[in-house]
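Trainee: Before I describe this chain to anyone else, I would like to check the reasoning behind each label I might use. Could we go through the structure together and set the values against their cut-offs?

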Amino acid sequence: MSNDFNSSRSGYRAKRKKTNIVLNTLIVVVLLLIIFVAYNIFASGNDNASSSPKKESTKTEQKQTTETKKSTDTKKKEEEAVSTDDQSSADATADDQESEETTAPEQPDDTQAVVTDEGSSSTSQTGDHKMTFEGEDWQAMINAISNATGLDQSNMTVYWLGSDKSTTNAAVGTVASKDKSKKYKVYIKWVDGQGYVPTKVEELSSIQ
């Protein structure tokens, strides 16, 4: 009876020992699994954290590149605009030089009635001269035309005054009295020592 009890007790201990070994083994396996999973989680988090600055850096570089390109394009457009403005100014200056000889559209001459030569009236300018149709030069032409026609400048309308292409340093103008009762076409020429001298005066009979 005693031997059966001892045998049963011994078997119980052996069985309990095996159970403990299995449990301990399972615990170790579970711990290893937990450690493995935790490692993977932290490793994945670190990879994401390390890749995030790279992405931010790439975005920053792309933004800087875009801003640099926009700045370059803007500067190029401004330079082109300045170049265009300079060209426009040059064209405007050329147009002004071409049109400075004319102050008003020439009125059509209908009937030329009286033609006289005038050589006695002149201005007081002397020396080397180049027609400019402005400032003192313009006033000298008006003075010569006023003297040639007998019209006071305050009672004279200048319809047109420009260069006489048929000769050098010469001009021709069309003027009329304020009431349009008198209208003249006057040819003047610059003479050294005398200034502008009327060379021909045409009285026009039709006033428009």
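Mentor: Let us begin with the overall layout, keeping in mind that this is a predicted model. The chain holds two helices and five strands, and along the sequence these follow the pattern α-β-α-β-β-β-β. Of its 208 residues, 22% count as buried, and the accessible surface comes to about 14800 Å², of which 52% belongs to carbon and sulfur atoms. Residues 24 or more positions apart account for 52% of the contacts with a separation of 6 or more.

Trainee: What makes Ile27, Val30, Leu31 and Ile34 a nonpolar surface patch?

Mentor: A patch of this kind joins nonpolar side chains within 5 Å of one another, taken from residues with over 30% relative accessible area. Val30 has a relative accessible area of 44%, which is over 30%, so Val30 passes the accessibility cut-off. Val30 is found in helix 1, residues 2-99, and the patch made by the four residues covers about 360 Å². As background, an α-helix has 3.6 residues a turn, so residues three or four places apart point the same way.

Trainee: Why is Val30 called partly exposed rather than exposed?

Mentor: Exposed requires over 50% relative accessible area and buried requires under 20%; Val30, at 44%, lies in between and is therefore partly exposed.

Trainee: How do you know that the span of helix 2 is close to the expected one?

Mentor: Helix 2, residues 135-149, has 15 residues, and at 1.5 Å a residue the expected span is 21 Å, whereas the model gives 22 Å from the first C-alpha to the last. The helix is followed by Gly150, whose phi is positive, near 80 degrees.

Trainee: Which elements do the buried residues of helix 2 pack against?

Mentor: The buried residues of this helix, among them Met141, Ile142 and Ile145, pack against strand 2 (156-163), strand 3 (170-177), strand 4 (183-191) and strand 5 (195-204).

Trainee: Why does Asp164 count as having no salt bridge?

Mentor: A salt bridge needs a side-chain nitrogen of Lys or Arg within 4 Å of a carboxyl oxygen of Asp or Glu. The nearest side chain of opposite charge to Asp164 is Lys200, 7.9 Å away, so the pair does not meet the cut-off, and Asp164 is buried without a salt bridge. Asp164 has its place in the loop between strand 2 and strand 3, and, leaving aside neighbours within four places in sequence, Asp164 is in contact with Ala170, Ala171, Val172 and Tyr187.

Trainee: What makes Lys182 and Glu203 a salt bridge?

Mentor: Their side chains meet at 3.3 Å, N to O, and this value is within 4 Å, so the pair qualifies. The pair links distant parts of the chain, with Lys182 in the loop between strand 3 and strand 4 and Glu203 in strand 5, 21 residues apart. Lys182, at 36% relative accessibility, is partly exposed, and so is Glu203, at 23%.

Trainee: How many salt bridges does a search of the whole structure find?

Mentor: The search finds two. Besides the pair just described, the side chains of Glu202 and Lys200 meet at 3.7 Å, N to O, a value that is also within 4 Å and therefore counts as a salt bridge.

Trainee: Are Glu202 and Lys200 buried or partly exposed, and what decides the matter?

Mentor: Glu202 has a relative accessible area of 5%, which is under 20%, so Glu202 is buried. Lys200, at 29%, falls between the two cut-offs and is therefore partly exposed.

Trainee: What makes the phi values of Asn169 and Lys180 worth a remark?

Mentor: Most residues other than glycine have a negative phi. Asn169, however, has a positive phi near 50 degrees, and Lys180 has a positive phi of about 65 degrees although it is not a glycine. Asn169 lies in the loop between strand 2 and strand 3, while Lys180 lies in the loop between strand 3 and strand 4. With relative accessibility of 30% for Asn169 and 37% for Lys180, each value lies between 20% and 50%, so both residues are partly exposed.

Technical notes:
Residues are numbered from 1 along each chain as its sequence is written. This is a predicted model: local features need pLDDT of at least 70, side-chain atom pairs count only at pLDDT 80 or more; totals for chains, interfaces and linings use all residues. Side-chain values use heavy atoms; hydrogens and water are left out. Patches are made of residues with over 30% relative accessible area and no salt bridge: like charges are joined within 9 Å, nonpolar side chains (Val, Leu, Ile, Met, Phe, Trp, Tyr) within 5 Å. Accessible areas come from the Shrake-Rupley method with a 1.4 Å probe; for residues, only the protein chains shown count as cover. Helices (H or I, at least four residues) and strands (E, at least two) are DSSP runs, numbered from the N terminus. Buried means under 20% relative accessible area, exposed over 50%, partly exposed in between (1.4 Å probe, protein chains only). The expected span of a helix is 1.5 Å times one less than its number of residues. Contact means heavy atoms within 4.5 Å. Lys and Arg count as positive and Asp and Glu as negative; His and the chain ends are not counted.
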